[in-house]
There are 2 protein chains.
Amino acid sequence: MPQSTDRPVLLLFDINETLLDLAPLRASIERLLPGGAELWFTTMLHYATALNLAGRFEPLPEVGAAALRMLAEGRGLNLSPQQAQAAIAPITRLPAHPDAAPALARLRRAGFGLAALSNSTSAGLRAQLAFAGLAPLFDAQFSVQDFGVYKPNPQVYRGAASRMRVAPGQAMLVAAHGWDLAGASLAGVRTAFVCRGKQRPFPLADEPEMIVQDLSELAGRLGA
Amino acid sequence: MPQSTDRPVLLLFDINETLLDLAPLRASIERLLPGGAELWFTTMLHYATALNLAGRFEPLPEVGAAALRMLAEGRGLNLSPQQAQAAIAPITRLPAHPDAAPALARLRRAGFGLAALSNSTSAGLRAQLAFAGLAPLFDAQFSVQDFGVYKPNPQVYRGAASRMRVAPGQAMLVAAHGWDLAGASLAGVRTAFVCRGKQRPFPLADEPEMIVQDLSELAGRLGA
């Protein structure tokens, strides 16, 4: 267990998959793209990141709908923009993983600052946290829209720390995706990896400071 | 058919999947990750792009091997770095699609400048084009390593055009991936999409100037 002087002041939480269970979204995507939900999710992230590297910022739901239409068309299924939007609509109605709310409450009581930090849009993130019942547990909610660039651009992690008036090294990102932790680490932010579903750390990134099976393990290891 | 004054001076060709058939690589990946070759390829591209957005440049084979280990571990299979490298080794021994060499030869005879432009490493690209028998058909081979950033960063497309002493608008990228054409278009380069396998244009990108089923259709439409 770390010493209290070594405790991060602020915990930044990734939302999709890390705190929220993607199962309803996966089921909706699989109805159109059998076996393809994981590919769709990664394709959405890849295209959002790639457009950003090329100098464009497009909101995640629009990238997700376009990626779904593209993948479906490759399988001989033509979707209208409306059909694609309807298929990804469950993204704002995802339940929290059962360990999320109790662990966040415990960390809050132990005095950690807690902020959401998501590639979702500002409005989408608000809707997600309200639906999942997690909104009251956070001191702040940050969307990449606040910064105009996607994670893992270091500006996002540093920007969130700065708005919470802490140095990057006083913050810790908690996330279930290796690319996210890689960016946080390059931004000077501490990292904890939560193993959700088939997600595992990325071997080329800096080793996460903690690898935990769920958020109650995280709370325990942070002394909460 | 475009007027000759409207013809691009330089054709930039993406290599993996656009000119080369990924089937041997897919088969090798599927042996470890049944049903997961497409997911692996997209994950490799996503992580290469994401690390780049975060300020790091890692060679594609290393990103690909790390992505394979990560995905395999999520399915309960622990691969050594050597096992992962062995699984992606077929990437330098891919056959050209049957339409590639005849169309490139035709375009060459018609006076177009032809250059390879790949996210592969410099050494990997050389090996790929030599194995596939396409090397003699190109005036130049560019790897993203020449520019220190991955496609779709605009510097790659503009850099390749500049080294070939043409303006971006005199060049056309030929590729089978929407994110690649999106970047080229944002860099002021003209675009042609080749439909390989399940690949289709990305609805949020600028519409490609041409969408062709194969490279002989491209040659025909360019008047070669």
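**Exercise 1.** Find which residues of helix 8 of chain B are buried, and say why this helix counts as largely enclosed.

*Solution.* Start with the list: B:Gly178, B:Trp179, B:Asp180, B:Leu181, B:Ala182, B:Gly183 and B:Ala184 are buried (under 20% relative accessible area, with a 1.4 Å probe and protein chains only). Helices here are DSSP runs of H or I with at least four residues, strands are runs of E with at least two, and both are numbered from the N terminus. Now the count: 7 of the 9 residues of helix 8 (residues 178–186) are buried, so the helix is largely enclosed by the rest of the structure.

A quick word on the model: it is predicted, and local features need pLDDT of at least 70, while side-chain atom pairs need 80 or more and totals for chains, interfaces and linings use all residues. Residues are numbered from 1 along each chain, chains are lettered from A in the order written, and side-chain values use heavy atoms, leaving out hydrogens and water.

**Exercise 2.** Work out what the buried residues of helix 8 of chain B pack against.

*Solution.* From chain A, there's helix 2 (37–53). From chain B, there are helix 2 (37–53), helix 7 (154–163), strand 4 (171–175) and strand 5 (190–194). Just past helix 8, B:Gly188 takes a positive phi of about 85°.

**Exercise 3.** Describe how the two domains of chain A meet.

*Solution.* First, the bounds, from an automatic or database assignment: domain 1 is 4–21 + 94–221, and domain 2 is 23–92. Next, the contact (heavy atoms within 4.5 Å) takes 20 residues from domain 1 and 17 from domain 2. Finally, look for salt bridges (a Lys or Arg side-chain nitrogen within 4 Å of an Asp or Glu carboxyl oxygen): there are 2 between these domains.

How values were computed: Buried < 20%, exposed > 50% of the residue type's maximum accessible area, 1.4 Å probe, protein only.
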